[in-house]
Amino acid sequence: MLAPSYQKLKDNLSKFIDPKRILDNPLQTLAYGTDASFYRLIPEIVILAHNEAEVIEIIKQAKKLNIALTFRAAGTSLSGQAITDSVLVVATHGWKNFELLDNNQKIKLEPGIVGSRANTFLAPHGLKIGPDPASINAAMIGGIVANNASGMCCGTAQNSYQTIADIRIVLNDGTVLDTSDAESVAAFKNSHKALIQEIESLRNTIKNDESLYHFIKNKFKIKNTTGYSINALVDYEDPIEIIKHLMVGSEGTLAFISNVTFKTVIDEKFKSCSLLIFNTIQDACNATILLKSAPVAAVELLDRDSIRSVENDPAAPDYFKTLPESACALLVECRDNTVEVLQQKQEAIRLQIQSIPTYTDYEFTSDPKQYYFNWKARKGLLPTVGGLRKNGTTVIIEDVAFPLPQLAEACLALKDLFKKYEYHDAVLFGHALEGNLHFVFSQDFSTQTEVDRYEKLMSELAILVVDRFNGSLKAEHGTGRNMAPFVEKEWGTAAYEIMKRIKTIFDPNNKINPDVLINPDPKAHLKNLKPMPESHAIVDKCMECGFCEPYCVSEGLTLSPRQRIVIAREISRLEESNENPTRLAAIRKDVTYQLDETCATDGLCALACPVNIDTGKFVKTWRANELNGSSKKVAEYIGSSMAGTTAVLRVGLKAVSFFHSILGTRIMTTLSNGIHFISFGKVPKWIPEMPKGADKIKTL
Amino acid sequence: MNTNSELKVVYFPSCINRSMGKNSFQAADDLQLTELTHQLLVRAGFTIIYPEEMDAQCCGMPFSSKGFAKANHSQSNALETALLKASENGKYPVLYDMSPCFYHSKEEFSENLKIVDPIEFMMDYVMPRLTVKNKKDTVAVFPVCSVKKIGKMDQLLALSQLCAHQVTMIDSNCCGFAGDRGFLVPELNEHGLKDLKAQIPESCTEGYSTSRTCEIGFERMSGIDFKSIFYLIEEVTR
Ligand SMILES: Cc1cc2nc3c(=O)[nH]c(=O)nc-3n(C[C@H](O)[C@H](O)[C@H](O)COP(=O)(O)OP(=O)(O)OC[C@H]3O[C@@H](n4cnc5c(N)ncnc54)[C@H](O)[C@@H]3O)c2cc1C
Ligand code: SF4
């Protein structure tokens, strides 16, 4: 039962939005509520919004009822920013329009377009969008912009903040601001004078505080997604430009993004890379500093433990196994539109770092096999840790950045920290060129001791990153709930006050994704941790990353592979704990149709899954378990008398009977009751494409 | 006609193609797929061997996808035995006429047999022995899930481009027909192919694929004839 205000919201919105897209049953709210982070909140209502008019209505109605809203794109967020216990507005289905502008120099994209899809629109022109998170095959424009997501090549030069040309947003009062439309801008300036003044006053405050001004400038020299993109207030004068850039990295806490126009960037045709092994992390980091001024497209660091996790790959060189403990690799990528220049770049890189010895000689390669291995070594790190972790634990990906000169020292300090808290499976890797390091480890949250261990790690990490190295606690994954308690620590009181004012300007009632990014609770990062119960061997390693979703045919109709696993896990948990039989029954009520009957079991999801989970296979075992003994016997009988069955069919019965006789579960039950083949009435919908029976094959 | 006895192939017509004939989309003079395949193979100079007790054979997939693991294994084992015999212990290639069945057997069988998927067989064994005489203008093709899983999308495109000037590769996950699911839960097929019509060029009236049931789903959602790519090859090399 919904609380009265939520019921009212649902009733009111049902007049504007197809009620089938306003979900409040336990199965669907749980399924849609889950993102890739290790936090869980279950929304009261999930609304699958299809267009801006609907979003405006949702925002207005929710405001009237003082109900909080959270927006959602692909739900691949890692820091707890895409979840809520109130109303989740999913802007993915629908939101697929795009437009190439200004002779392909710009592309306008709606928030539900997957990042890699945007790139397929641009590929024929040799172009791409700037932001390139590793999750680009699943993450969508709305989330990419709202998180200021970035990856190995875009650095701080081609992220959303730098490449955004225009944005269209819906504010908390339902007003639309489209920065690409002069009329909209003029109308907005007129209707929202106070808001504009507030922005100007913030801008002036910073301008008049020289040390704050430079502090902000400095902090964004490396990747930083802790708190708001307040560099907008120092980089731009015009309040509309400031608003536009503040939206980048705002994590859905300021306004809804209806579309974004990016300046496109060149996607170079020729690529080569090399895996350089250095004797020490210091050497690798020193090389990185030198590479900063070399023509590199990417420099990725892999620590010794990272290399170890790929040393058994058939394509890995033998010496990987015998590398000294102190070794450290850099994957250096080179790109250009002509082969000649590509080679010149490779030479320039070699010259640039010749003063630093490498463990072995190195060559650049464009050979697909070797090139692929090198990148697999780098990209496979998360899955490796994810796949090796103990069931019931969560994979945690932390995401910090340090000023480049301190990178080596910081790496070693981080490694000491893992040792101190006994995170023995931790691996360290990242976008070295940006000083951005990820470390991945598995974490159990099922006992208080483990939660305490995590808490200690995090507080010490904050001290290490902020006090010792003046780095960013979140470089690219966004603040979310995970780093919200540490924003003030990282930024200091003055800058944090500015961030709080920004939130108030756009969301005075704190109803747009509350508790994310700005959160007064110092322990917010330890609350609402997601349970990861064991459920079934095929799916236990699932990280709930959502990479499978774009490859699933039933996603959007019923459930995606990730959502199927989430539901199976919750059923297992509830069965095990006996905690809430009513809830269990409510989920079970819809599960056959949602999880089982609408799964095509095609296994395409496994192609995208970092840990190779074939959810189709899982659903088949689910089916097998749900089948009762008698229908199983019928299947075996039909199997063993197949010749007779097909013969009968061919002669007399329609092919559909055949199908149902060997395939249809319901029909089997009928059969087992002694009734002969099925009637058409069992088929929900008859279709004219149904073929007739075939003629027997003449084998001579 | 080449009757070189060494050019032998074991043809395993899948149970679906054995029992499902033509439908209303197809021309009256179209052959049913099994017959058409027979003709095409003969035209390319192959001697065809059919597995014994063919009517009793099935790769087992329909059982597996329904959760009947045991029935699946016994069917699959029986087929493997029959194919081993027919191919003289793997001496001759075994042609499958449905990609999903091929994929299923690939997963289930041990490695003594040389089973070949429809695309590879046409590309590597059949096309080199035939001449394309009347290339089509425009066709649509769809790589079914198993084609994606074995990474044969490019080959499918290349094969269709041998037969038609303009090929539209349908961009969609799975068609959602999923064996018999399209009959039982038609909304899955509708959802899976909701963007289909927009992708098919006005002038295109024919679509090709390598799975009968998927083709039914495609016909249903596109309104144009979708059938096995074998038909396309047969027609342009006739
Ligand atoms: C395995 C893995 C690897 C990853 N690698 C990277 C990486 O290399 N680099 C990186 O930066 N990130 C990475 N991420 C994190 C994540 O994929 C990115 O942050 C991504 O941009 C999130 O996009 P999404 O579409 O999933 O958004 P969601 O998770 O759905 O939402 C993200 C945020 O955007 C807000 N939002 C969504 N849509 C709108 C809208 N229309 N209007 C306003 N606000 C909106 C949400 O409220 C939320 O705060 C990775 C994640 C995983 C699971
Ligand atoms: S099944 Fe694989 S791809 Fe899907 S959410 Fe789980 S781990 Fe990610």
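**View 1. The largest nonpolar core of this predicted model, seen around its best-connected residues in chain B.** This core counts 76 residues, and the ones touching the most other members are B:L41, B:F46, B:L83, B:Y96, B:F121, B:V126 and B:I229. Helix 13 of chain B (residues 229-236) chips in six residues, the largest share. Domain 1 (8-122) and domain 2 (132-237) of chain B both supply residues, so the core sits between them.

**View 2. A close-up on B:I229 and its contacts.** Leaving aside residues up to four places away in sequence, B:I229 touches B:V141, B:L156, B:L159 and B:S160, along with B:Y208, B:S209 and B:T210.

**View 3. A second core, separate from the one above.** There are 62 residues in this one, including A:I349, A:A410, A:A413 and A:L414.

**View 4. Helix 23 of chain A (residues 615-626) and its N-terminal cap.** Twelve residues at 1.5 Å a residue should span 16 Å, and the end C-alpha atoms are indeed 16 Å apart, so the two agree. At the N-terminal end, A:D614 does the capping: one of its side-chain oxygens lies 2.9 Å from the backbone nitrogen of A:G616. Which residues of the helix are buried? They are A:T615, A:G616, A:F618, A:V619, A:K620, A:W622, A:R623 and A:A624.

**View 5. Residues 185-212 of chain A, listed by UniProt as a "coiled-coil region".** That label comes from an unreviewed UniProt entry. In the model, the span is 89% helix and 0% strand, with its end C-alpha atoms 30 Å apart.

Conventions
Residues numbered from 1 in each chain as written. Chains lettered and ligands numbered in written order. Predicted model: local features only at pLDDT ≥ 70, side-chain atom pairs only at ≥ 80, totals over all residues. Heavy atoms only, no water. Core = buried A, V, L, I, M, F, W, Y, C linked by side-chain atoms within 4.5 Å. Buried < 20%, exposed > 50% of the residue type's maximum accessible area, 1.4 Å probe, protein only. Helix = DSSP H or I, 4+ residues; strand = E, 2+ residues; numbered from the N terminus. Domains from an automatic or database assignment. Contact = heavy atoms within 4.5 Å. Expected span 1.5 Å × (residues − 1). Polar contact = N/O pair within 3.5 Å; in protein donor to acceptor, adjacent residues only side chain to side chain. UniProt positions renumbered as here; feature names shortened; annotations may be inferred.
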